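The following questions and answers are intended for a reader meeting this structure for the first time. Please consult the sequence and the structure shown here alongside each answer.

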Amino acid sequence: MPKTAPSRIELEKHFGVVCISLPTPFPVGPVKVFLVKHDPPILIDTGLNSEESYGILSERLAEHGLKLNDLGAVLVTHGHRDHVGLLGRLMRETKADSYGHPLVRTLGRDADNYPQARKEFYLGILEEFGVPSEIKEEANSFYEKFRTFSEPFDLAHVLEDGEQALGYTAYHVPGHSPSDTLLTQPELGITFVGDHILPGTNPNPTLQQPEPGQSRSKSLVLYQRSLARTRELDLGICLPGHGEPFEDHVAVVDRILERQERRGRQVMKLMKSGKRTPYEISRGLFPDLPAQHIHLGLSIAVGHMEAQEECGEAHCCHVDGILQYQPL
Ligand SMILES: [Zn+2]
């Protein structure tokens, strides 16, 4: 077995794992899904619901003498569309079983209503976070385009925190998304980490649509709690949804925490210079972010503003319906 993070060739040779890169239009770049050549074969994550992803996935399986219908199961790391987009189609067209966090099941079942509810939430957030109307309109047109990247699905099995299936143990580590799950295969000494920890980049604590009657959860605060837990787990070789495999996950967690600390200081500085709304802060952090990706900047800004509030460095209030933070 390799001593350092394995190359793709080593990954296949030592672990029977084939990494398949699928395109996305998102700033994070291609998504990695994994074929595990068990008997029957398993797919970890699916890529977006697009003909291009479907075609590449079929071709890459064919290179290993497999058809999509040979898959015994699909396991998913979280409910973002670059990871579950094709799940509905695979469930329809193949006999594969499916596993994921209960929140992914809810998301798949609600997908018919979800785009409308999500859109209303998204537009409400843009309003509340002080985004100017011309940016809102542009962001909305891209939103319409992106929503086709997933379709309804029904997970056959759910994996709660600590549960095992097919030789994998699931650890629920919310923050980047509410359903983030680490899938550890202790026998092989590998873990599919999804987007929970990524090498060289900070996973975005994406804004979460609250359950009816509940308040929005603080994604970055939640994420930092999950990172503290992940740091203590034995994960072995980590296979992320974006970027290359890595071995020392503690070092990756520490680098993420360091970058978050720096970003937190930057946000405090912007607040002290008079920037108040999530939009103003996000523009201070990312002046050139295109309108189509504005929600990514907003989630980082709000995440840090909430984290500063949590540790007593800032407080928030609404002025004419717009969320504002003040340093203390
Ligand atoms: Zn992703």
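Q: In which loop is Gly213 found?
A: The model discussed here is a predicted one. In it, Gly213 belongs to no helix or strand but to a loop, and that loop is the one between β10 and α8.

Q: Is Gly213 buried or exposed?
A: A residue counts as exposed if 12 or fewer other C-beta atoms lie within 10 Å of its own. Gly213 has 5 C-beta neighbours inside 10 Å, and therefore its class is exposed.

Q: What distance separates the C-alpha atoms of Gly213 and Ile256?
A: Along the chain, Gly213 and Ile256 are 43 residues apart. In space, the separation of their C-alpha atoms is 33 Å.

Q: How is Pro199 classed, given its C-beta neighbours within 10 Å?
A: Pro199 is also found in the loop between β10 and α8. The buried class requires 20 or more other C-beta atoms within 10 Å, and the exposed class 12 or fewer. Because Pro199 has 19 such atoms, its class is partly exposed.

Q: How far apart in space are Pro199 and Pro240?
A: In sequence, 41 residues separate Pro199 from Pro240. Pro199 is nevertheless in contact with Pro240, as well as with Gly243, Glu244, Phe246 and Val252, when neighbours within four places in sequence are left aside. From C-alpha to C-alpha, the distance between Pro199 and Pro240 is 8.0 Å.

Q: Which helices do the buried residues of α8 pack against?
A: Helix α8 covers residues 219-232. Its buried residues are Ser219, Leu220, Leu222, Tyr223, Ser226, Leu227 and Thr230. They cover an arc of only 150 degrees around the axis, so they lie on the same side of α8. The helices they pack against are α9 (249-272) and α11 (294-310).

Q: Which exposed residues does the face of α8 turned away from its buried side carry?
A: An α-helix has 3.6 residues a turn, so residues three or four places apart point the same way. In α8, the face turned away from the buried side carries the exposed residues Ala228 and Glu232.

Q: What span does α8 reach from its first C-alpha to its last?
A: Helix α8 has 14 residues, and at 1.5 Å a residue a span of 20 Å is expected. The span in the model is close to this expected figure, at 21 Å.

Q: Which strands are the edge strands of the open sheet of five strands?
A: The order in this sheet is β7-β8-β9-β10-β11, with mixed pairing. An edge strand pairs on one side only, and the strands that do so are β7 (164-165) and β11 (237-240).

Q: Which residue in β10 does Leu183 stand opposite?
A: Strand β9 (residues 181-185) and strand β10 (residues 190-194) run antiparallel and are joined by three bridges. Opposite Leu183, in β10, stands Phe192.

Q: Which residue in the turn between β12 and β13 has a positive phi?
A: Strand β12 (residues 314-319) pairs with strand β13 (residues 322-327) in the antiparallel sense over six bridges, and His318 stands opposite Leu323 in β13. The two strands form a hairpin with two residues between them. The turn residue with a positive phi, about 50 degrees, is Asp320.

Q: Is Leu155 buried or exposed?
A: Leu155 lies in the loop between α7 (133-146) and β6 (157-158). Beyond its neighbours within four places in sequence, its contacts include Ser98, Tyr99 and Gly100. Because Leu155 has 24 C-beta neighbours inside 10 Å, its class is buried.

Q: Which strand gives the largest share of the largest nonpolar core?
A: This core has 62 residues, and those with the most contacts inside it include Val17, Phe34 and Leu239. Val17 is in contact with both Phe34 and Leu239. The largest share of the core, five residues, comes from strand β2.

Q: What is the radius of gyration of the protein?
A: The protein has 11 helices and 13 strands. For its 328 residues the globule rule gives 20 Å, and the model is close to that figure, so the protein is as compact as a globular protein of that length. Its radius of gyration is 20 Å.

Note on methods:
Residues are numbered from 1 along each chain as its sequence is written. This is a predicted model: local features need pLDDT of at least 70, side-chain atom pairs count only at pLDDT 80 or more; totals for chains, interfaces and linings use all residues. Two strands pair if DSSP finds at least two bridges between them. Helices (H or I, at least four residues) and strands (E, at least two) are DSSP runs, numbered from the N terminus. The expected span of a helix is 1.5 Å times one less than its number of residues. The arc is that of the directions from the helix axis to the C-beta atoms. Two residues are in contact if their C-beta atoms, placed from the backbone, lie within 7 Å. The radius of gyration is taken over C-alpha atoms; the globule rule is 2.2 Å times the number of residues to the power 0.38. A nonpolar core is a set of buried Ala, Val, Leu, Ile, Met, Phe, Trp, Tyr and Cys residues joined through C-beta atoms within 7 Å.
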